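Here is a walk through one structure, step by step. Keep the sequence and the 3D view at hand.

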2 protein chains.
Amino acid sequence: MLNKQVTLKDLARKLRLSVSTVSRALRNVQDINPETKKQVLALAEELNYEPNFIAKSLVNKKTKVIGVVLPVIASSYFASAIGGMMEVADSLGYHIMFSQSDETIEKEEACIKRLISIRVDGILISVSKDTINPDLFLKVQQKGIPIVFFDRALDSVSATKVTVNQHQGAYLAVEHLIKKGYKKIAHLAGPSRLSIATERLNGYLDALKDNNIPINPHYIVHCEDFEHDALEKVQLLFGLENKPDAIFAVNDSSAIISIQYLQSLGYHIPDDVAVVGYNNDPISTIVNPALTTIMQPSYEVGKVATQLLIDEIENEEKPFAEQVLNSELIIRMSS
Amino acid sequence: MLNKQVTLKDLARKLRLSVSTVSRALRNVQDINPETKKQVLALAEELNYEPNFIAKSLVNKKTKVIGVVLPVIASSYFASAIGGMMEVADSLGYHIMFSQSDETIEKEEACIKRLISIRVDGILISVSKDTINPDLFLKVQQKGIPIVFFDRALDSVSATKVTVNQHQGAYLAVEHLIKKGYKKIAHLAGPSRLSIATERLNGYLDALKDNNIPINPHYIVHCEDFEHDALEKVQLLFGLENKPDAIFAVNDSSAIISIQYLQSLGYHIPDDVAVVGYNNDPISTIVNPALTTIMQPSYEVGKVATQLLIDEIENEEKPFAEQVLNSELIIRMSS
DNA sequence: CTGTTAGCGCGTTCAC
DNA sequence: GTGAACGCGCTAACAG
């Protein structure tokens, strides 16, 4: 029962017309006898004809699909970025094909090669954390396939890039705490090997400096494993003689762990200690008090990156743009 | 600079061979002079030749891509299912193309038509919550395109389906509470119009019945808007003369809201009141005490559905299977 | 307005 | 072992 797919030829035969006439009628291009056009449309409808994109692609060398490569799809950050991509792609008539690199360079390379085989019109990529070598990306560009980096980019390749300013987000969070009157602000930092963590740390430091608040090294603790060792780090912080009156955490999970720990000690949030997180995870509205946090423009990243990619696909010679998007402070009850 | 893509013809010309010879050499099929084969492979490597899937698809009428239609991609449940799909598809040489219906039947129909145009080899779908009409799906099947439903299926169309047993999960949760010695078990139910909510409610009821625990209607409250009105419902529950000693919540968010409310009242979890959630959201390990919950096999759903679809694609005549997967109880500290 | 021809990149005969 | 010819479904160029 396979292959019941109706083709132009089928329509042409039944209508005793030539294939090209049918094709023209369906696409209403050039002059066509309104009468025959009507017939064609009617039969197409009746037989449930759907144009074969594959054949079309082969002819005009455009597949109208863009390939996306990202580390993992099951993360609230990427899932949201994907939403943005879909929105733009959809509205411009493009399809999206996803592939996961699982953070390994081997899979990343395999993904890209497959996308090339599919002849995607362009590629959107957030590189794996180990990716350093630019060769593959250069080859892609040489083949005339536009590529734009989102979220994580590679310095060594010149291309359009859309990223998020981590420094600014952290700065915003700390500045907010300062404005609220907190002065002894601690930072639950992320793993020191990760650039997003150090950028956020720098944002924290600069916000303090710019407001003439002395930096207390004891107030900076690194959670080398994110939320998994956050609890002991908070305990460290509140074991200090001179305890902090606010915490800026590298992510929402760590912030929430802090809140719960402090509450169990009898502290009141935000009166005794204020807490600000990062990410605006769904959790942040659920906890009590609801968490003040930084919302990264992940949806926007997806949208912008896709828009820029399609621009490049359709207007051959476009200079590379490098956009750095800012995050937003979401003030809730924890600060 | 476009269209730098190398083709068989390019290789053939440079090697002064015919296209078919080159093709054969690359696919190492039939007898080929090992010498010419070596040359071909060398040049292909040098020129970075990548076979054109589009052209291949047109010839053998198989695209090796499967289309997925789901309500929203940015949900931890679907994101996880997608992971399962990717794993299976990847290992079997298939690509996946996603599209979102945004829970509307119009977009759902548009998605399916586009997938048909792309000539996907098969379709995986979780229908929008308003979908009732089976016509479109029947048409897809008539075209010879296998379709399998996952998570949410349509009774009116006979096809392979992979779903999750909600009754069993709820039963597991309540049974666990009973075994722990709790007897006054309340249920924060979901919106009564949703089938998953009523199935879970029935699981709750049956678990009580099977254990000879009388059902107290006051202990069943419906959160018509999930977590958004969970707080007031819990307050209702604990405003009762005869207060519950355990809560089974329809999802993790509601469970966490309950925990925090009870803690603020001075209750100790789980000594005074036990709480069990549903979904095994990332939050559930973060909160204190960590939440006992039900883990739905979403990853498994994705895997199984994809596997069954590919089976159908490759073995024409396969009877439809209907798989109902069971959930798992994750025991943590809240019970 | 419509039909004919050619070709997109590749696989599959069928000859040589 | 290799080449020529044909077709997949469709669009584009040129006739008529």
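Which residue in β2(B) is the bridge partner of L70(B)? The partner is Q100(B). This comes from a predicted model, as does everything that follows.

That bridge belongs to a strand pair worth a closer look. β1(B) and β2(B) run parallel and share six bridges. Now turn to β2(B) itself, residues 95-100. Six of its six residues are buried, so the strand is largely enclosed by the rest of the structure. In a regular strand, side chains alternate between the two faces of the sheet. Look at each face of β2(B) in turn. On one side sit H95(B), M97(B) and S99(B), and on the other I96(B), F98(B) and Q100(B). Each of these residues is buried, which leaves both faces of the strand covered. Q100(B), the partner of L70(B), is thus part of a covered face.

Stay in chain B and find the open sheet. It has four strands, ordered β7-β6-β8-β9, with parallel pairing. The edge strands are β7 (220-222) and β9 (274-276) of chain B. Each has a single partner strand, so one side of each lacks a neighbour in the sheet. On average, neighbouring strands are turned by 15 degrees against each other, direction ignored. Next, take the pair β6 (residues 185-189) and β8 (residues 246-249) of chain B. Four bridges join these parallel strands. One residue to pick out is H187(B), whose bridge partner in β8(B) is F248(B). A helix crosses this sheet region. α10 of chain B, residues 230-237, lies across β6 and β7 of chain B. The helix runs at about 155 degrees to β6(B).

Now move to the contact between the protein chains. How many residues does each chain bring to it? Chain A gives 48 residues, and chain B gives 48 residues. On the chain A side, several elements supply at least two residues each. Among them are the helices α4 (53-60), α5 (76-91), α6 (105-118) and α11 (252-264), along with the strand β2 (95-100). The chain A side has 22 nonpolar, 16 polar and ten charged residues.

The DNA comes next. Start with strand D, which has 25 residues around it. L8(A), S20(A), T21(B), D31(B) and N33(B) come nearest. Both chains take part in this surface. Chain A gives two or more residues from each of α1 (8-15), α2 (19-27) and α4, while chain B does so from α2 (19-27) and α4 (53-60). α4(A) gives the most, with five residues. By class, the surface near strand D has ten nonpolar, eleven polar and four charged residues.

What surrounds DNA strand C? Here, too, there are 25 residues, and those that come nearest are D31(A), N33(A), T7(B), L8(B) and N52(B). The elements giving two or more residues are α2 and α4 of chain A, plus α1 (8-15), α2 and α4 of chain B. The largest share comes from α4(B), with five residues. The surface near strand C divides into ten nonpolar, eleven polar and four charged residues.

Back to chain A for a helix. α3 covers residues 34-47, 14 residues in total. From first C-alpha to last, α3(A) reaches 20 Å, close to the 20 Å expected at 1.5 Å a residue. N48(A) follows α3(A) and has a positive phi, near 65 degrees.

The last stop is backbone geometry. Most residues other than glycine have a negative phi, and most peptide bonds are trans. Some places here depart from that pattern. D102(A) is not a glycine, yet its phi is positive, about 55 degrees. D102(A) lies in the loop between β2 and α6 of chain A. Is D102(A) buried or partly exposed? It counts as partly exposed, because 17 C-beta neighbours lie inside 10 Å. K61(B), also not a glycine, has a positive phi of about 55 degrees. K61(B) sits in the loop between α4 and β1 (65-70) of chain B. With 13 other C-beta atoms within 10 Å, K61(B) is partly exposed.

Finally, check the peptide bonds. The bond from N288(A) to P289(A) is cis, with omega near 0 degrees. P289(A) is in the loop between α12 and β10 (293-295) of chain A. In chain B, the bond from N288(B) to P289(B) is cis, with omega near 0 degrees. P289(B) lies in the loop between α12 (283-286) and β10 (293-295) of chain B.

Methods
Residues are numbered from 1 along each chain as its sequence is written. Chains are lettered from A and ligands numbered from 1 in the order in which they are written. This is a predicted model: local features need pLDDT of at least 70, side-chain atom pairs count only at pLDDT 80 or more; totals for chains, interfaces and linings use all residues. Two residues are in contact if their C-beta atoms, placed from the backbone, lie within 7 Å. Ala, Val, Leu, Ile, Met, Phe, Trp, Tyr, Cys and Pro count as nonpolar, Asp, Glu, Lys and Arg as charged, and the others, Gly among them, as polar. A residue is near a molecule or strand if its C-beta atom, placed from the backbone, lies within 6 Å of it. The expected span of a helix is 1.5 Å times one less than its number of residues. A residue is buried if 20 or more other C-beta atoms lie within 10 Å of its own, exposed if 12 or fewer, and partly exposed in between; C-beta atoms are placed from the backbone. Two strands pair if DSSP finds at least two bridges between them. Axes are lines fitted to C-alpha atoms, for helices over the stretch in contact, and angles run from 0 to 180 degrees between N-to-C directions.
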